[in-house]
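Colleague: I have a few questions about the words used for this model. Can you take me through them?

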Amino acid sequence: MCFAVPKVTYLLRTTPTWLCPEEISYFDDTLKDTTEIILNVSLSVDQWTQASLPVRHGGLGLRRAGDVGLPAFLASAHGVADLVSRILHSHRDSVTIPFVRDALAIWSDRFPTASLPEVPQVQRAWDDAGARITLSRLFSAASGVDLARLRSVSKVEAGAWLQALPSPHLGTLLDSDSMRVAVAFRLGCDVCIPHKCICGSTVEANGHHALSCRRCAGRFPRHHALNDIVRRALVSANIPCVLEPPGLCRTDGKRPDGLTLVPWQKGKCLLWDATCVSTFAASHLSRTVQAAGAAAESAALLKRAKYSALEAKYYFVPLAFETTGCWGSEAIAFIRELGLKLRERTSDARAGSYLVQRLSIAIQRGNAASLMGTFAPVQSEP
Ligand SMILES: [Zn+2]
């Protein structure tokens, strides 16, 4: 949140930065180098462009001064116009803030298809136009797994781990390696040298095999973590529940992940089952390149079919997540509702966001563990 550009926000809002492109690109090049050092990843031009987008547009939120300078200046100039005219005792239309005309001309030149913001005092209004165009350029240049990745990471839930306060006390601190892998999967960077997985398949440099390998570690701790987060949230919302309730079986004989002990809706208790599927798995890719969350939606349908026998008596919710961090629609709706209950119970307006962040972090930790699980255990020298 505080890395780089926020430290120079005042300068960007008050300076015609487009007049000093060399200094701005020096700043941004330094930002890229520093990011690569801190995260231990190598970024291509497109990956760095994606990283520099706001989190809500699929980036890492590491904004470049070259991108933010113009929106910051335009928003500030429009924001102060009233005050300046009052100080000068002149009519607003007769007051000209220096460089504003130049800034508007450059903005129109950079984004010829974008219309002027309705609320020009808001920096995000200017900024979003540029971010959207940058993202659509990335989209049009991408295909296959890259397209599926961009679609997925542009969803709000997929970026929640980037909004979390990195606190060991809250359990929201990602260790360096998990952070590296999470960033690399989000931006499509290489995560490893191609090697043979413990299952015998080849793991390419992008590491995607790890996300769908049935033998890899990482899946089970993640599955447990996701369910435990839901259980804790329910308990915090004063809804008693149990994991793996005995005596309940789905059509394949396995037990569901959790059950509330009091009714959730229409007098029925909530039964849930969680799963996290790979956005990039060959079986899902044809759908995930078309629509974000398509793998989660089809996993949710499969879950629902397995619980058809229990649905008359229980209110069933499939909690389907994808490794890129986007969720199925039923999971989104359920977690939103649970977040509201948490807010009511705890009087903490951010309780719902924290819940989403914890789930998001659990998914990313699982990805890192899955990747590390593809390597054969190191044999010590005799
Ligand atoms: Zn494998």
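Modeller: Start with two helices that meet. Asp67, Val68, Pro71, Ala72, Leu74 and Ala75 in H4 meet Gln123, Trp126, Asp127 and Gly130 in H6. Keep in mind that this is a predicted model.

Colleague: What makes these residues of H4 and H6 count as meeting?

Modeller: The test is distance. Two residues are in contact if their C-beta atoms lie within 7 Å. The residues named from H4 and H6 are in contact.

Colleague: How do the residues of the contact of H4 with H6 divide by class?

Modeller: They divide into 6 nonpolar, 2 polar and 2 charged. Gly counts as polar, and Gly130 is one of the H6 residues here. Asp counts as charged, and the contact includes Asp67 of H4 and Asp127 of H6.

Colleague: At what angle do H4 and H6 pack, and how far apart are their axes?

Modeller: The angle is about 145°, and the axes are 8 Å apart. H6 covers residues 123–141. The crossing of H4 and H6 is right-handed.

Colleague: Now take H4 and H5. Why is H4 called oblique to H5?

Modeller: Look at the angle. The axes of H4 (residues 65–87) and H5 (residues 100–110) cross at roughly 135°. Roughly antiparallel needs an angle over 145, and roughly perpendicular runs from 65 to 115. The crossing fits neither range, so H4 is oblique to H5. The two axes come within 10 Å.

Colleague: Which hand does the crossing of H4 and H5 have?

Modeller: That crossing is left-handed. The contact is made by Leu70, Phe73, Leu74 and Ala77 of H4 with Val100, Ala103, Ile106 and Trp107 of H5.

Colleague: What classes of residue does the contact of H4 with H5 have?

Modeller: It has 8 nonpolar, no polar and no charged residues. Leu, Phe, Ala, Val, Ile and Trp count as nonpolar.

Colleague: On to H7. Why is Arg149 called buried?

Modeller: Count the C-beta atoms around it. Arg149 has 26 others within 10 Å. The cut-off for buried is 20 or more, so Arg149 is buried.

Colleague: Which residues does Arg149 touch, leaving aside its neighbours within four places in sequence?

Modeller: Arg149 is in contact with Gly188, Thr279 and Thr324. Arg149 lies in helix H7.

Colleague: Which other residues of H7 are buried?

Modeller: Ala148, Leu150, Arg151, Ser152 and Val153 are buried in H7 as well. The buried residues of H7 pack against H6, H9 (176–187), H12 (282–288) and strand E6 (315–322).

Colleague: How far is Arg149 from Cys249 in sequence and in space?

Modeller: They are 100 residues apart in sequence. C-alpha to C-alpha, they are 35 Å apart in space.

Colleague: Where does the domain assignment place the domains?

Modeller: It gives domain 1 (5–141) and domain 2 (143–382). Their centres, taken over C-alpha atoms, are separated by 34 Å. The contact takes 17 residues from domain 1 and 15 residues from domain 2.

Colleague: Which elements give two or more residues to the side of domain 1 that touches domain 2?

Modeller: Those are H3 (45–51) and H6. By class, that side divides into 9 nonpolar, 7 polar and 1 charged.

Colleague: And the whole chain: how many helices and strands does it have?

Modeller: The protein chain comes to 15 helices and 6 strands. Of its 382 residues, 42% count as buried.

Note on methods. Residues numbered from 1 in each chain as written. Predicted model: local features only at pLDDT ≥ 70, side-chain atom pairs only at ≥ 80, totals over all residues. Axes fitted to C-alpha atoms, helices over the stretch in contact; angles between N-to-C directions. Helix = DSSP H or I, 4+ residues; strand = E, 2+ residues; numbered from the N terminus. Parallel < 35°, antiparallel > 145°, perpendicular 65-115°, else oblique. Left-handed = near helix turned anticlockwise from the far one by under 90°. Buried ≥ 20, exposed ≤ 12 C-beta atoms within 10 Å, placed from the backbone. Domains from an automatic or database assignment.
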